[in-house]
Structure formats: structure tokens, C-alpha cells
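Colleague: I'm new to this one, so could you take me through a single part of it slowly? I'd like a close look at the middle of the sheet and whatever packs around it.

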Amino acid sequence: MKKANKQILIAVTGGISAYKACELVRDLMKKGHAVSVMMTPEATQFVTALTFRTLTNQPVIVDMFDQDLSWDPCHISLAERADLVAVVPATANFIAKLANGLCDDISSCVIMATKAKILIAPAMNDNMYSHPAFKQNLKKIKTFGYQIVSPIKGALACGKTAIGHLATVSEISREIEKLLK
Ligand SMILES: Cc1cc2nc3c(=O)[nH]c(=O)nc-3n(C[C@H](O)[C@H](O)[C@H](O)COP(=O)(O)O)c2cc1C
């Protein structure tokens, strides 16, 4: 069997554009990468873990304390195995956690524990996006060396068309490929 190009871990957080992570997963797998998914509990309000389980044929970790996982659930082993961790979409809340070193879910723990490259694709309401707290948090995570794929102008969950719409799947995928080179 052909060896997978790279080990990519996608962290899905609780935003309306979480369904687009499904397309991204498929795209990266078509490119020959091994893709696994972890989700915040809030993300499962938008897309099910089963969807990603089926797309990747890999267990999806939501609860890092789950005793029933048949594979090694340790956030450290995930962190060590990944070549790249991409947060798609990244909520304002999750970015605030990253900026402040909070680790209270599997994705934030893995990101703190990994030496892999990190890509963050924020998506949120335009007022959230322009809030000074968010801006400061974004600025701070850039200093950690995290690569940001900025949101674009597009339809938001609130009905407006404004900046805050998740970047296109093809752009995110392209940026992931660039980072992996
Ligand atoms: C319908 C709906 C859509 C939401 N969309 C977003 C979003 O696109 N971006 C965002 O930052 N928060 C969004 N939120 C708020 C987050 O779900 C909330 O902050 C949650 O606590 C994020 O959890 P997480 O960061 O652990 O995934 C949305 C909430 C609801 C109810």
C-alpha cells in the first residue's frame, strides 16, 4: 500500500462553517495525506463525529477522557504523530484559549503539546472578528508561529454579508500544502 504523504490532524471547533471541514478532509485525503479529526464538544452541535469517522475511517476524539477509545487516546501521542494541525473552522472562543494557553479539551491540549506546524482558519460574525479582544488574541497567536488563513467576505450565519466567512476549502488546502513543504 502507498505510504500516506503526511499526517494531518484537523481540529473542528463550534462554528456554523464546521461542515466545510468535511470537504477539507476529503480534499486532503485525495491528495494522499493521512487525516484524523478531533472536535470540541460544541463542534458536534454542527456536524457529527460519525461524519468525520466515516470520511477518515479513523476514530474521532471529542472527549479526551473517553475510556472506550480502542486506540491510544493520549493527546501526547496525537501531538507527536502529526506533521500539521489545522483548526478549521477556528472559533473566537478557541482562539482565545490558544492565546492564553488554556487546555481544557483535546484540541487545545494537542496544540499545546505538539511541535507540528499549526494552521488556524478563523470564521465568525464580523463584529466578533473586529472586536479588540479577538484582534489581540489573533495577534498573540501569530507570535507563536501559527499560520493564519484569514476569513473572507461572505454570507454569515446572522444573515449579513461581511468579513468573517471561512476562507475557501481550496485556499485552506493550498496553505496546508505550502506549510508541509
Ligand atoms: C448557530 C451558531 C453559530 C455559531 N457560529 C460561530 C462561528 O461561526 N464562529 C464563532 O466564533 N462562534 C460561533 N458560535 C459560538 C460558538 O459556538 C461558541 O462560542 C462555542 O462556545 C465555541 O466552542 P468551541 O470554541 O469550544 O468549539 C456559534 C453559535 C451558534 C449557536
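Modeller: Let's start with a term: a residue is buried if 20 or more other C-beta atoms lie within 10 Å of its own, exposed if 12 or fewer, and partly exposed in between, with C-beta atoms placed from the backbone. Helices (H or I, at least four residues) and strands (E, at least two) are DSSP runs, numbered from the N terminus. Residues are numbered from 1 along each chain as its sequence is written. Keep in mind that this is a predicted model: local features need pLDDT of at least 70, side-chain atom pairs count only at pLDDT 80 or more, and totals for chains, interfaces and linings use all residues.

Now to strand β3. Seven of its seven residues are buried. Both faces are covered, with Leu84, Ala86, Val88 and Ala90 buried on one side and Val85, Val87 and Pro89 buried on the other.

What flanks it? β3 sits in an open sheet of five strands, ordered β2-β1-β3-β4-β5 with parallel pairing; two strands pair if DSSP finds at least two bridges between them. The edges are β2 (34-39) and β5 (147-148), each pairing on one side only.

On one flank, β1 runs parallel to β3 and is joined to it by four bridges. Here Leu9 stands opposite Val85.

On the other flank, five bridges pair β3 with β4, again in the parallel sense. Leu84 faces Lys117 of β4, and the bridge partner of Ala86 is Leu119. β4 is mostly covered too, as five of its six residues are buried. Going on outward, β4 (residues 117-122) and β5 pair in the parallel sense over two bridges, and there Leu119 stands opposite Gln147.

Next, the core. A nonpolar core is a set of buried Ala, Val, Leu, Ile, Met, Phe, Trp, Tyr and Cys residues joined through C-beta atoms within 7 Å. The largest one has 52 residues, and those with the most contacts inside it are Ile10, Val85, Ala86, Val88 and Ala121. β3 gives the most to this core, with six residues. Take Ala86: leaving out residues up to four places away in sequence, it touches Ile8, Ile10, Leu119, Ala121 and Ile176. Contact here means that the C-beta atoms of two residues, placed from the backbone, lie within 7 Å.

Helix α1 (residues 20-30) packs here as well. Its Lys20, Ala21, Leu24, Val25 and Leu28 are buried. Why do they share a side of α1? Because they cover an arc of only 145 degrees around the axis, they lie on the same side of the helix; the arc is that of the directions from the helix axis to the C-beta atoms. What covers these buried residues includes β1 (7-12), β2, α2 (49-56), β3 (84-90) and α8 (169-180). Just after α1, Gly32 takes a positive phi of about 95 degrees.

So that's the picture to keep: β3 with both faces covered, parallel to β1 and to β4, and giving the most residues to the largest nonpolar core.
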